[in-house]
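Open the model in your viewer and keep the sequence panel visible. The tour below goes from one selection to the next and says what is found at each stop.

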Amino acid sequence: MTTPRPRIRFATPADREALRLLEHEYFPAKSGVRHAGYLYDDENLAAIALTERLAAPMRAFTFVAEVEGEIVGFAVGVPSMMTSGDTDAQTMNLQYLAVQPEHRGQGIGAALVKKIITRSQKVVQNLIHAHIPVDQVGFYEGLGWKVEPMGHGLAWLPDGDHLRADAGDPAFGFPLMASKVLRSRGVLQSFPYPVVTGKPTLDASMEAARLVDAGKLDPSKFDEFTRDFVTMGRAEARSLAAKTTP
Ligand SMILES: CC(C)(COP(=O)(O)OP(=O)(O)OC[C@H]1O[C@@H](n2cnc3c(N)ncnc32)[C@H](O)[C@@H]1OP(=O)(O)O)[C@@H](O)C(=O)NCCC(=O)NCCS
(Lines give C-alpha, C1' and ligand atoms only; values in the text may rest on other atoms or scores of the structure.)
Protein backbone atom coordinates (compact mmCIF):
# COMPACT_ATOMS: atom_id res chain seq x y z
CA MET A 1 0.00 0.00 0.00
CA THR A 2 1.44 3.42 -0.92
CA THR A 3 1.18 6.39 1.45
CA PRO A 4 -0.94 9.18 -0.08
CA ARG A 5 1.06 12.26 -1.08
CA PRO A 6 0.58 15.21 1.24
CA ARG A 7 -1.11 18.27 -0.18
CA ILE A 8 0.38 21.60 0.82
CA ARG A 9 -1.95 24.58 0.80
CA PHE A 10 -2.46 27.97 2.41
CA ALA A 11 -4.45 27.53 5.62
CA THR A 12 -8.08 28.59 5.98
CA PRO A 13 -10.18 29.62 9.00
CA ALA A 14 -11.57 26.06 9.06
CA ASP A 15 -8.08 24.86 10.09
CA ARG A 16 -8.05 26.98 13.24
CA GLU A 17 -8.79 24.29 15.83
CA ALA A 18 -6.31 21.80 14.33
CA LEU A 19 -3.64 24.50 14.21
CA ARG A 20 -4.43 25.64 17.74
CA LEU A 21 -3.82 22.11 19.04
CA LEU A 22 -0.56 21.75 17.05
CA GLU A 23 0.61 25.15 18.22
CA HIS A 24 0.04 24.29 21.88
CA GLU A 25 1.61 20.83 21.44
CA TYR A 26 4.84 21.87 19.72
CA PHE A 27 5.33 25.37 21.10
CA PRO A 28 4.19 25.22 24.73
CA ALA A 29 4.16 28.39 26.79
CA LYS A 30 6.13 28.24 30.02
CA SER A 31 4.94 29.76 33.23
CA GLY A 32 6.96 32.75 34.34
CA VAL A 33 8.63 33.11 30.93
CA ARG A 34 7.77 35.80 28.41
CA HIS A 35 5.80 34.32 25.54
CA ALA A 36 4.88 36.02 22.30
CA GLY A 37 1.35 34.62 22.61
CA TYR A 38 -0.51 32.11 20.55
CA LEU A 39 -1.72 32.93 17.06
CA TYR A 40 -4.89 30.87 17.04
CA ASP A 41 -6.38 31.36 20.51
CA ASP A 42 -8.12 34.56 19.49
CA GLU A 43 -10.87 33.74 17.00
CA ASN A 44 -10.79 37.12 15.26
CA LEU A 45 -7.01 37.28 14.89
CA ALA A 46 -6.98 33.67 13.71
CA ALA A 47 -9.62 34.46 11.10
CA ILE A 48 -7.34 37.14 9.65
CA ALA A 49 -4.13 35.07 9.89
CA LEU A 50 -5.83 32.16 8.14
CA THR A 51 -7.48 34.07 5.31
CA GLU A 52 -4.96 34.30 2.49
CA ARG A 53 -6.30 37.49 0.91
CA LEU A 54 -6.04 39.29 4.28
CA ALA A 55 -2.87 37.70 5.69
CA ALA A 56 -0.66 37.54 2.58
CA PRO A 57 -0.55 41.32 1.98
CA MET A 58 0.71 41.60 5.59
CA ARG A 59 3.40 39.02 4.73
CA ALA A 60 1.87 36.45 7.10
CA PHE A 61 1.89 33.01 5.53
CA THR A 62 0.48 29.84 7.08
CA PHE A 63 0.83 26.63 5.09
CA VAL A 64 -0.54 23.25 6.11
CA ALA A 65 0.37 19.79 4.89
CA GLU A 66 -2.70 17.60 4.62
CA VAL A 67 -2.97 13.84 4.18
CA GLU A 68 -6.47 12.41 3.59
CA GLY A 69 -8.06 15.51 5.09
CA GLU A 70 -5.87 15.50 8.22
CA ILE A 71 -3.35 18.24 8.94
CA VAL A 72 0.00 16.52 9.50
CA GLY A 73 2.26 19.54 9.50
CA PHE A 74 2.29 23.31 9.36
CA ALA A 75 4.61 26.25 8.85
CA VAL A 76 4.05 29.88 9.73
CA GLY A 77 6.10 32.81 8.48
CA VAL A 78 5.49 36.29 9.82
CA PRO A 79 7.46 39.52 9.50
CA SER A 80 10.28 39.67 11.99
CA MET A 81 9.82 41.89 15.04
CA MET A 82 12.44 44.54 15.75
CA THR A 83 13.60 45.56 19.24
CA SER A 84 11.54 48.73 18.84
CA GLY A 85 8.40 46.57 18.60
CA ASP A 86 7.91 47.49 14.93
CA THR A 87 7.64 44.76 12.34
CA ASP A 88 10.43 44.42 9.81
CA ALA A 89 8.86 44.14 6.36
CA GLN A 90 12.18 43.03 4.84
CA THR A 91 12.70 40.03 7.09
CA MET A 92 10.69 36.84 7.53
CA ASN A 93 10.54 34.98 10.81
CA LEU A 94 9.77 31.28 10.43
CA GLN A 95 7.75 31.30 13.60
CA TYR A 96 6.45 27.74 13.50
CA LEU A 97 7.39 24.57 11.70
CA ALA A 98 6.24 21.13 12.77
CA VAL A 99 5.43 17.81 11.16
CA GLN A 100 3.68 15.03 13.10
CA PRO A 101 6.21 12.29 14.00
CA GLU A 102 4.57 9.54 11.90
CA HIS A 103 4.82 11.73 8.79
CA ARG A 104 8.43 12.87 9.20
CA GLY A 105 11.24 11.94 6.86
CA GLN A 106 9.07 12.24 3.74
CA GLY A 107 10.08 15.73 2.67
CA ILE A 108 7.06 17.49 4.22
CA GLY A 109 9.10 19.81 6.48
CA ALA A 110 11.35 20.81 3.58
CA ALA A 111 8.33 21.40 1.32
CA LEU A 112 6.67 23.64 3.93
CA VAL A 113 9.83 25.72 4.34
CA LYS A 114 10.11 26.02 0.54
CA LYS A 115 6.56 27.40 0.33
CA ILE A 116 7.29 30.04 2.96
CA ILE A 117 10.53 30.99 1.20
CA THR A 118 8.88 31.27 -2.21
CA ARG A 119 6.24 33.61 -0.81
CA SER A 120 8.88 35.63 1.06
CA GLN A 121 10.92 36.07 -2.10
CA LYS A 122 7.87 37.23 -4.02
CA VAL A 123 7.46 40.10 -1.57
CA VAL A 124 11.18 40.93 -1.75
CA GLN A 125 12.26 39.92 1.71
CA ASN A 126 16.00 39.88 2.30
CA LEU A 127 16.39 37.19 4.90
CA ILE A 128 14.47 34.47 6.73
CA HIS A 129 15.33 33.36 10.25
CA ALA A 130 14.16 30.91 12.89
CA HIS A 131 14.88 29.97 16.48
CA ILE A 132 15.61 26.26 16.44
CA PRO A 133 16.24 23.35 18.81
CA VAL A 134 19.68 21.72 18.90
CA ASP A 135 18.41 18.50 17.31
CA GLN A 136 17.29 20.26 14.13
CA VAL A 137 20.59 21.80 13.09
CA GLY A 138 21.04 19.11 10.40
CA PHE A 139 17.60 19.76 8.93
CA TYR A 140 18.24 23.48 8.50
CA GLU A 141 21.83 23.12 7.32
CA GLY A 142 20.62 20.57 4.78
CA LEU A 143 18.29 23.25 3.41
CA GLY A 144 21.22 25.68 3.04
CA TRP A 145 20.54 27.69 6.19
CA LYS A 146 23.34 29.00 8.42
CA VAL A 147 23.17 28.12 12.11
CA GLU A 148 25.07 30.33 14.55
CA PRO A 149 27.12 28.81 17.39
CA MET A 150 25.37 28.30 20.74
CA GLY A 151 25.22 31.56 22.70
CA HIS A 152 25.40 33.66 19.52
CA GLY A 153 22.85 35.67 17.62
CA LEU A 154 22.99 36.94 14.06
CA ALA A 155 23.42 40.59 13.08
CA TRP A 156 22.96 41.83 9.53
CA LEU A 157 22.99 45.08 7.63
CA PRO A 158 20.20 45.47 5.08
CA ASP A 159 21.14 47.63 2.10
CA GLY A 160 20.16 51.22 2.92
CA ASP A 161 18.77 50.44 6.36
CA HIS A 162 19.95 50.04 9.93
CA LEU A 163 21.55 47.10 11.71
CA ARG A 164 19.23 44.21 12.53
CA ALA A 165 19.85 41.48 15.09
CA ASP A 166 18.17 38.45 16.57
CA ALA A 167 19.12 35.49 18.76
CA GLY A 168 17.54 32.18 19.77
CA ASP A 169 15.17 31.57 22.65
CA PRO A 170 16.85 29.19 25.16
CA ALA A 171 13.98 29.49 27.67
CA PHE A 172 11.65 27.73 25.22
CA GLY A 173 14.09 25.09 23.99
CA PHE A 174 14.93 26.94 20.75
CA PRO A 175 18.39 28.26 21.65
CA LEU A 176 19.94 28.46 18.20
CA MET A 177 19.59 31.13 15.55
CA ALA A 178 19.22 29.83 12.00
CA SER A 179 18.94 32.00 8.91
CA LYS A 180 19.09 32.08 5.15
CA VAL A 181 19.73 35.09 2.95
CA LEU A 182 16.96 35.29 0.35
CA ARG A 183 18.25 38.33 -1.56
CA SER A 184 22.02 38.76 -1.46
CA ARG A 185 21.75 42.30 -2.85
CA GLY A 186 19.58 43.24 0.12
CA VAL A 187 22.08 42.18 2.80
CA LEU A 188 25.37 44.07 2.79
CA GLN A 189 27.07 42.30 5.67
CA SER A 190 26.23 39.79 8.38
CA PHE A 191 28.08 38.48 11.40
CA PRO A 192 27.44 36.41 14.53
CA TYR A 193 27.54 38.19 17.87
CA PRO A 194 27.89 36.80 21.40
CA VAL A 195 24.79 37.15 23.56
CA VAL A 196 25.96 39.30 26.50
CA THR A 197 23.06 41.39 27.80
CA GLY A 198 20.29 39.48 26.01
CA LYS A 199 19.24 42.65 24.15
CA PRO A 200 19.87 41.81 20.48
CA THR A 201 20.51 45.31 19.15
CA LEU A 202 22.80 46.23 22.05
CA ASP A 203 24.76 42.98 21.88
CA ALA A 204 25.06 43.22 18.09
CA SER A 205 26.15 46.86 18.37
CA MET A 206 28.94 45.91 20.81
CA GLU A 207 30.17 43.28 18.37
CA ALA A 208 29.84 45.68 15.42
CA ALA A 209 32.00 48.23 17.29
CA ARG A 210 34.59 45.55 18.07
CA LEU A 211 34.68 44.41 14.43
CA VAL A 212 34.91 47.98 13.09
CA ASP A 213 37.75 48.77 15.51
CA ALA A 214 39.54 45.58 14.47
CA GLY A 215 39.15 46.51 10.78
CA LYS A 216 36.94 43.47 10.18
CA LEU A 217 33.70 45.29 9.40
CA ASP A 218 33.43 48.00 6.78
CA PRO A 219 31.55 51.00 8.23
CA SER A 220 31.50 52.96 4.95
CA LYS A 221 27.95 51.91 4.11
CA PHE A 222 26.48 52.30 7.60
CA ASP A 223 23.47 54.60 7.76
CA GLU A 224 23.24 57.17 10.53
CA PHE A 225 21.27 54.85 12.86
CA THR A 226 23.86 52.10 12.50
CA ARG A 227 26.62 54.61 13.21
CA ASP A 228 24.74 55.59 16.38
CA PHE A 229 24.32 51.91 17.32
CA VAL A 230 28.06 51.37 16.95
CA THR A 231 28.80 54.40 19.16
CA MET A 232 26.32 53.02 21.71
CA GLY A 233 27.92 49.54 21.48
CA ARG A 234 31.40 50.95 22.04
CA ALA A 235 30.22 52.85 25.14
CA GLU A 236 28.37 49.80 26.52
CA ALA A 237 31.40 47.55 26.00
CA ARG A 238 33.58 50.08 27.85
CA SER A 239 31.10 50.30 30.71
CA LEU A 240 30.84 46.49 31.02
CA ALA A 241 34.64 46.19 30.96
CA ALA A 242 34.91 48.82 33.71
CA LYS A 243 32.45 46.83 35.87
CA THR A 244 34.36 43.57 35.50
CA THR A 245 37.87 45.03 35.89
CA PRO A 246 38.82 44.96 39.60
C1 LIG B 1 12.13 19.54 11.81
C2 LIG B 1 10.93 18.85 11.18
C3 LIG B 1 9.90 19.88 10.79
C4 LIG B 1 11.42 18.10 9.92
O5 LIG B 1 10.30 17.64 9.20
P6 LIG B 1 10.39 16.41 8.18
O7 LIG B 1 9.16 16.40 7.38
O8 LIG B 1 10.76 15.17 8.89
O9 LIG B 1 11.64 16.86 7.30
P10 LIG B 1 11.98 16.40 5.81
O11 LIG B 1 11.51 15.00 5.62
O12 LIG B 1 11.48 17.41 4.86
O13 LIG B 1 13.55 16.45 5.84
C14 LIG B 1 14.34 17.07 4.85
C15 LIG B 1 15.76 16.59 4.99
O16 LIG B 1 16.25 16.91 6.32
C17 LIG B 1 16.67 15.72 7.00
N18 LIG B 1 16.29 15.91 8.40
C19 LIG B 1 15.05 15.99 8.91
N20 LIG B 1 15.10 16.21 10.24
C21 LIG B 1 16.41 16.23 10.56
C22 LIG B 1 17.10 16.43 11.77
N23 LIG B 1 16.46 16.66 12.92
N24 LIG B 1 18.45 16.40 11.75
C25 LIG B 1 19.14 16.18 10.57
N26 LIG B 1 18.52 16.02 9.38
C27 LIG B 1 17.18 16.04 9.39
C28 LIG B 1 15.91 14.61 6.32
O29 LIG B 1 16.57 13.38 6.49
C30 LIG B 1 15.89 15.06 4.88
O31 LIG B 1 17.14 14.81 4.30
P32 LIG B 1 17.25 14.36 2.75
O33 LIG B 1 16.77 15.54 1.93
O34 LIG B 1 18.69 14.08 2.57
O35 LIG B 1 16.36 13.18 2.62
C36 LIG B 1 10.33 17.79 12.14
O37 LIG B 1 11.34 16.96 12.62
C38 LIG B 1 9.59 18.39 13.32
O39 LIG B 1 8.42 18.70 13.22
N40 LIG B 1 10.24 18.51 14.50
C41 LIG B 1 9.58 18.94 15.72
C42 LIG B 1 8.97 20.29 15.63
C43 LIG B 1 9.83 21.36 16.16
O44 LIG B 1 10.52 21.21 17.14
N45 LIG B 1 9.79 22.53 15.51
C46 LIG B 1 10.55 23.67 15.96
C47 LIG B 1 11.28 24.31 14.85
S48 LIG B 1 10.72 25.97 14.63
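Two strands count as paired if DSSP finds at least two bridges between them. With that in hand, select Leu 154 and Asp 166: Asp 166, in strand 8, is the bridge partner of Leu 154. Bear in mind throughout that this is a predicted model.

**Stop 1: the sheet of three strands**

Show strand 7 (residues 152–158) together with strand 8, and you will find an antiparallel pair joined by three bridges. Between these two strands is a hairpin connection of five residues, where Gly 160 has a positive phi near 75°. Now add strand 10. Strand 7 and strand 10 are also antiparallel, and seven bridges join them.

The three strands form an open sheet, and its order reads 8-7-10. Strand 8 (164–166) and strand 10 (187–194) are the edge strands, each pairing on one side only. From one strand to the next, the twist averages 20°. As background, strands of a sheet pair through backbone hydrogen bonds, in either the parallel or the antiparallel sense.

Color strand 7 by burial. Six of its seven residues are buried, so the strand is mostly covered. Then bring in helix 6 (residues 200–213), which lies across strand 7, strand 8 and strand 10. Relative to strand 10, helix 6 runs at about 105°.

**Stop 2: Ala 155**

Center the view on Ala 155, a residue of strand 7. Which residues stand opposite Ala 155 in strand 8 and in strand 10? In strand 8 the residue opposite is Ala 165, and in strand 10 the bridge partner is Phe 191.

Is Ala 155 buried or exposed? Ala 155 has 26 other C-beta atoms within 10 Å, and the threshold for a buried residue is 20 or more, so Ala 155 is buried.

Next, display the contacts of Ala 155, leaving out neighbours within four places in sequence. The list includes Leu 163, Arg 164 and Ala 165, then Ser 190, Phe 191 and Tyr 193. Ala 204, Glu 207 and Ala 208 are also among the contacts. For a distance to check in the viewer, take the C-alpha atoms of Ala 155 and Tyr 193: they are separated by 6.8 Å, although the two residues are 38 residues apart along the chain.

**Stop 3: strand 4 and its partners**

Move to strand 4 (87–99). Ten of the 13 residues of strand 4 are buried, so this strand is largely enclosed by the rest of the structure.

Select strand 3 (70–81) as well. Strand 3 and strand 4 run antiparallel and are joined by nine bridges. One pair to pick out is Phe 74 with Ala 98, its bridge partner in strand 4. The hairpin of these two strands has five residues between them, and Gly 85 takes a positive phi near 95° there.

Now select strand 5 (127–132). Strand 4 pairs with strand 5 in the parallel sense, over three bridges. To see one of the pairings, select Thr 91 and its bridge partner in strand 5, Leu 127. Add helix 4 (108–122), and the view holds a right-handed β-α-β unit made of strand 4, helix 4 and strand 5.

**Stop 4: around the ligand**

Keep those elements on screen and show the ligand. Which elements each supply at least two residues of the shell around the ligand? They are strand 4, helix 4, strand 5 and helix 5 (137–142). The residues around the ligand number 19, and those that come nearest are Arg 104, Gly 109, Ala 110, Gly 138 and Phe 139. Colored by class, the shell divides into ten nonpolar, seven polar and two charged residues.

**Stop 5: two loop residues with positive phi**

Finish with Arg 59 and Glu 68. Arg 59 is in the loop between helix 3 (52–55) and strand 2 (61–67). Its phi is positive, about 60°, although Arg 59 is not a glycine. Arg 59 counts as buried because it has 23 C-beta neighbours inside 10 Å.

Glu 68 is in the loop between strand 2 and strand 3. Here too a residue other than glycine has a positive phi, near 50°. Glu 68 counts as exposed because it has 9 C-beta neighbours inside 10 Å.

Technical notes:
Residues are numbered from 1 along each chain as its sequence is written. This is a predicted model: local features need pLDDT of at least 70, side-chain atom pairs count only at pLDDT 80 or more; totals for chains, interfaces and linings use all residues. Helices (H or I, at least four residues) and strands (E, at least two) are DSSP runs, numbered from the N terminus. Axes are lines fitted to C-alpha atoms, for helices over the stretch in contact, and angles run from 0 to 180 degrees between N-to-C directions. Two residues are in contact if their C-beta atoms, placed from the backbone, lie within 7 Å. A residue is near a molecule or strand if its C-beta atom, placed from the backbone, lies within 6 Å of it. Ala, Val, Leu, Ile, Met, Phe, Trp, Tyr, Cys and Pro count as nonpolar, Asp, Glu, Lys and Arg as charged, and the others, Gly among them, as polar. A residue is buried if 20 or more other C-beta atoms lie within 10 Å of its own, exposed if 12 or fewer, and partly exposed in between; C-beta atoms are placed from the backbone. A crossover is right-handed if, with the strands pointing away from the viewer, the path from the first strand over the helix to the second runs clockwise.
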